[in-house]
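The following note sets out several points for a colleague examining this model at the bench. Please read them alongside the sequence and the coordinates.

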Amino acid sequence: MLGIISGALLQLRAEFRLSCVQQEALVSALLIGALLASAVGGCLIDRYGRRSSILLSNVLILTGSLVLLGSSYPALVVGRITVGFAMCISSMSCCIFVSEMVAANRRGLLVTLYEAGITVGILAAYAMNYVLSDTKGGWRYMFGLAVVPTLVQLASIRFLPSSTRESSSQRHCGRPEEDLTSSTGGPDEAESSGRGRQVQYGVLYLFQRKDNMRTRTAIGLGLVIFQQLTGQPNVLFYASTIFHSVGFQSDASAVLASVGLGLVKVIATVISMVFADRAGRRPLLIGGCSVMAVCLITIGFLSGHSDFIANTTSLPPVQGSAVNWIILVCMMFVVSAYSVGFGPMTWLVLSEIFPSAVRGRAFAFTNCFNWAANLLVTFSFLNVVDVIGLSGTFLLYGLTAVAAVVFFYFMLPETKGKSLEEIDKELCLNRMQHSEECCSVISRRLTSLQYQRVHCQLSTSGCSN
């Protein structure tokens, strides 16, 4: 459903004669549903469990897909809102489920595998858009085919364990989570289940200095907000429209270029999946953001050049064609860098840095800002382009990516190879190191100082220090 709208929008715009505002509203309807789900999804996930939440999301996707087959604009908007709500619940539940189920040395691989599944779905959506781009009423088939993977997931849910929550055994900051009631500003109602009484925490707990929760929340918000403000949603949702703007004239050629982006996204996500537990979260995020910054700024300059060529008849058309292909390559690098860094690493880190008892609500809280920023960026895209042009828009995205690199360099901890309990304890004590290299340097320095101290004590001649 994420990628389908890119191709379907070209047909819907012609069939329903949609204005710019109506196109933005239709694209953004999915984000409105996701934003609503973020507001209530944390309570659902923590109270009723991860598996039940995944089941609910499947039912809602089926319902929304049927509504999308209607023949009116309001039905399309309602259907997109329903699907967006379900998609958000599913993404949060699945990431938390996987992170709690697997061992520390495999957590990066398997959480990123979920993101790889999303990118394969986006590629399939782009390919379907291309196949159906010249079919009358093809947008109905595009939306309807989303039912197939939903039914497959719905059938596989019965094989999942009922819950993976660790709160009955995991300790928070070195002590049982049940002992933290006084630090939460008053817990919500306790959750009753076959495993016994488990304490739930309010959202205010995320802003307390105790247990370093304020820093954790700042890291989470930085991840999701920078992820959206670098413009990736618009590259995804408006891919075909952007390619139209820079010179890919026919619907088929613009959609085919989008298929190329989807393929690159899948390959890059697989690379990220392989290196998440080897290179670590920090290098992939910082490196990915750096590449995005360079390529987005390049697109900004070249798209302005492309507009100039399009409006100047004295220049040979082959020159404009070369610029268009350079823009396409840069777009592919942007998508690749995002799929290596922001795409999988954001959700992996979010699933690791919060304690188990509040993980669902913390994930939902940060996700709420994620979808709010996504909604803002997506809904305003066409209007922003009208005001400052495609060139200015991409330059703005590039500068935001530069700011993200600085933020991650100073704030983002490295969590690879550590259990969730170890990560929680180190963050509570504010001892999380930014990289293994930093840790090794400190370790060598401490070892050297200890050796000097012992040597001084044993030396017969004494030591001036």
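1. Cys 289 is buried, its relative accessible area being 1%. The model under review is a predicted one, and its cysteines are a convenient place to begin.

2. Cys 368 has a different setting: its relative accessibility is 24%, so the residue counts as partly exposed. Which cysteine sulfur is closest to that of Cys 368? The closest one belongs to Cys 88, at 8.5 Å, and this is too far for a bond. A disulfide would require the two sulfur atoms to lie within 2.5 Å. The structure as a whole holds zero disulfides.

3. The length of helix 3 merits a check. This helix covers residues 50-68, which is 19 residues, and at 1.5 Å a residue it should span 27 Å. The C-alpha atoms at its ends are 27 Å apart, in agreement with that expectation.

4. Which residues of helix 3 are buried? They are Arg 50, Ser 53, Ile 54, Ser 57, Asn 58, Ile 61, Leu 62, Gly 64, Ser 65 and Leu 68. In general, an α-helix has 3.6 residues a turn, so residues three or four places apart point the same way.

5. The partners of this buried set should also be noted. The buried residues of helix 3 pack against helix 2 (20-48) and helix 4 (73-101), and also against helix 6 (138-144), helix 7 (147-156) and helix 15 (356-379).

6. Helix 2 and helix 15 also pack against each other, with their axes 7 Å apart and at an angle of about 170°. Because the angle is over 145 degrees, helix 2 is roughly antiparallel to helix 15. Sorted by class, the residues in this contact are 17 nonpolar, eight polar and four charged.

7. The backbone deserves attention in the loop between strand 2 (175-176) and helix 8 (213-229), where Asp 211 lies. Asp 211 is not a glycine, yet its phi is positive, at about 65°. Is this residue buried or exposed? Asp 211 is buried, with 10% relative accessible area.

8. Asn 212 is likewise found in the loop between strand 2 and helix 8. Its phi is near 60°, again a positive value in a residue other than glycine. With a relative accessible area of 12%, under the 20% limit, Asn 212 is therefore buried.

Technical notes
Residues numbered from 1 in each chain as written. Predicted model: local features only at pLDDT ≥ 70, side-chain atom pairs only at ≥ 80, totals over all residues. Heavy atoms only, no water. Buried < 20%, exposed > 50% of the residue type's maximum accessible area, 1.4 Å probe, protein only. Helix = DSSP H or I, 4+ residues; strand = E, 2+ residues; numbered from the N terminus. Expected span 1.5 Å × (residues − 1). Contact = heavy atoms within 4.5 Å. Axes fitted to C-alpha atoms, helices over the stretch in contact; angles between N-to-C directions. Parallel < 35°, antiparallel > 145°, perpendicular 65-115°, else oblique. Nonpolar A, V, L, I, M, F, W, Y, C, P; charged D, E, K, R; others polar.
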